[in-house]
Amino acid sequence: MTIHNRYQAQAEAFVKEDAAMQEALKLVRELKLPEGCIAAGFVRNYIWNRLHGRDGHGLINDTDVVYFDPVRVEEDRDYEYESILMEQNPYWKWSVKNQARMHLRNGAEPYQSVEDALSRWVETATAVGVRLNDQDELEWVIPWGLQDLMELKIRKSPKFHDEAYYYARVHAKQWLNRWPKLVMVEASHEHRA
């Protein structure tokens with residue numbers, strides 16, 4: 001079994017063991033969002049908690065739902081989806097964003113997909129999304145793989161170029177204090193493929 005497959009199997013086992021996460025994934029699936037998945041802290045913080053021997057849901061601030069619809073890019077659509085999800089389960093503090101519009105906020109060229117958008121997020125361990133398909137199987141959106149996430153490494157994504165922001169963000173979020181096994185990789189170090 002390759003290291004990628006081993007890490008994916010471990011991440012899938014963690015997510016499948018958690019009934020609340022399974023319910024959240026089912027709610028997002030019901031919206032039938034193009035390329036829809038739950039990303040960022042929903043996955044990252046949960047995995048880090050599990051790898052630290054803690055309850056999986058501590059320190060999840062919001063639940064980032066991302067999708068890609070270049071035809072209907074109105075921000076009001078995101079709020080409609082958030083309202084639907086909040087009515088069904090307010091525990092997760094839903095935040096829904098169409099990635100076909102987010103390049104404008106980030107001053108970038110238009111993104112081509114959810115995976116393309118995630119590849120430009122700040123850290124490799126944050127650029128992880130998961131969805132539940134119609135066969136109740138997990139599908140991963142992982143432009144930089146799962147290795148950094150599963151090895152407890154904080155690394156700047158290769159396509160994110162603002163090193164000062166990277167350092168400030170990690171410091172502000174106090175990840176190294178909250179998860180003492182984490183290792184921060186200097187921004188100048190190249191990402192391992």
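What covers the buried residues of helix 4? This tour of a predicted model finds out, then moves on to helix 8.

**Stop one: helix 4**

Select residues 75–88. This is helix 4, with 14 residues. From its first C-alpha to its last, helix 4 reaches 21 Å, close to the 20 Å expected at 1.5 Å a residue.

Now pick out Arg77, Asp78, Tyr81, Glu82 and Leu85, the buried residues of helix 4. Look down the helix axis. The buried residues of helix 4 fall within an arc of 140°, so they line one face of the helix.

Add the surroundings. The cover over these buried residues includes helix 2 (19–31) and strand 2 (63–67). It also includes strand 3 (94–98) and helix 5 (99–106).

Turn to the other side of helix 4. Asp76 and Glu87 are exposed there.

**Stop two: helix 8**

Select residues 163–173 for helix 8. Begin at its start. A side-chain oxygen of aspartate 162 comes to within 3.3 Å of the backbone nitrogen of alanine 164.

Next, highlight Tyr166, Arg169 and Val170, which are buried. They cover an arc of only 95° around the axis, which puts them on the same side of helix 8.

What do the buried residues of helix 8 pack against? Show helix 3 (41–51), strand 6 (153–154), helix 9 (175–178) and strand 7 (183–184).

Swing to the other side of helix 8. Here Ala164, His171 and Ala172 are exposed.

Finish just after helix 8, at glutamine 174. Its phi is positive, at about 55°.

Definitions and conventions. Residues numbered from 1 in each chain as written. Predicted model: local features only at pLDDT ≥ 70, side-chain atom pairs only at ≥ 80, totals over all residues. Heavy atoms only, no water. Buried < 20%, exposed > 50% of the residue type's maximum accessible area, 1.4 Å probe, protein only. Helix = DSSP H or I, 4+ residues; strand = E, 2+ residues; numbered from the N terminus. Arc of directions from axis to C-beta. Contact = heavy atoms within 4.5 Å. Polar contact = N/O pair within 3.5 Å; in protein donor to acceptor, adjacent residues only side chain to side chain. Expected span 1.5 Å × (residues − 1).
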